[in-house]
Amino acid sequence: MDHLARRLCGLLLLVALAAPAAAQPARPTTANADWRGTGTVLAILPAPSDLHATRPVIVLQHEAIAGLMEQVMAMPFLVASPALFEGIRPGDRVAFGLKDVPDALLVISIERLSR
Ligand SMILES: [Cu+2]
């Protein structure tokens with residue numbers, strides 16, 4: 001795929017993600033994630049926060065994400081919906097799915113592994 005086609009796909013995915021969000025159960029899967037990772041939750045920041053005015057953010061100490069980031073690091077990610085924060089709190093070990101959308105690397109799923 002050329003670059004334009006890839007961006008268009010990203011836009012379509014963003015629309016698909018945004019439209020049904022309110023009606024979906026709060027337990028999405030990583031099925032359509034571009035990458036999957038594991039890590040520990042450091043902070044949960046519903047919008048607005050110091051890190052983003054309008055979008056929810058999660059700060060994760062993540063392990064290597066195969067094909068994306070090979071190092072352990074602490075970093076913030078934009079989150080597709082605050083509904084993904086349900087049942088999650090700082091200190092939890094989680095598995096998460098990431099999607100590359102035009103303006104962000106977006107967390108589209110969060111699953112608690114242990115507390
Ligand atoms: Cu990272």
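**Strand order and nonpolar core of the predicted model**

The secondary structure of the chain consists of 1 helix and 5 strands. The model is predicted. Read from the N terminus, the elements follow the order α-β-β-β-β-β, with the helix therefore placed ahead of the strands under the numbering of elements from the N terminus. The chain has 115 residues, of which 20% are classed as buried. Among the contacts between residues at least 6 apart in sequence, 55% link residues at least 24 apart.

The 5 strands close into a barrel, in which the order is β1-β2-β3-β5-β4 and the pairing is mixed. From one strand to the next, the twist averages 50 degrees.

Two of the strand pairings were examined further. β4 and β5 run antiparallel and are joined by 9 bridges. The connection from β4 to β5 is a hairpin through 2 residues. Within this pairing, K99 stands opposite L106 of β5, and A95 has E111 of β5 as its bridge partner. β3 and β5, by contrast, run parallel, with 2 bridges between them. V79 has V107 in β5 as its bridge partner. In the barrel order, β5 thus stands between β3 and β4, with parallel pairing to β3 and antiparallel pairing to β4.

The largest nonpolar core contains 15 residues, and those touching the most other members are I58, V79, A80, L106 and V107. At least two residues of this core come from each of β2 (57-62), β3 (73-79), β4 (93-101) and β5 (104-114). Several of the residues named for the strand pairings recur here. V79 and V107, which are bridge partners, both belong to the group of core residues with the most contacts to other members. L106, which stands opposite K99, is also in that group.

The surroundings of I58 were considered separately. When its neighbours within four places in sequence are left aside, I58 is in contact with V41, I44, F77, V79 and V107. Among these, V79 and V107 are listed with I58 as core residues that touch the most other members. The contacts of I58 therefore include both residues of the V79 and V107 bridge pair, a contact being C-beta atoms within 7 Å.

In a regular strand, the side chains alternate between the two faces of the sheet. In the present model, β5 supplies at least two residues of the core, and L106 and V107 are among the core residues that touch the most other members.

Key
Residues numbered from 1 in each chain as written. Predicted model: local features only at pLDDT ≥ 70, side-chain atom pairs only at ≥ 80, totals over all residues. Core = buried A, V, L, I, M, F, W, Y, C linked by C-beta atoms within 7 Å. Buried ≥ 20, exposed ≤ 12 C-beta atoms within 10 Å, placed from the backbone. Helix = DSSP H or I, 4+ residues; strand = E, 2+ residues; numbered from the N terminus. Contact = placed C-beta atoms within 7 Å. Pairing = 2+ DSSP bridges. Axes fitted to C-alpha atoms, helices over the stretch in contact; angles between N-to-C directions.
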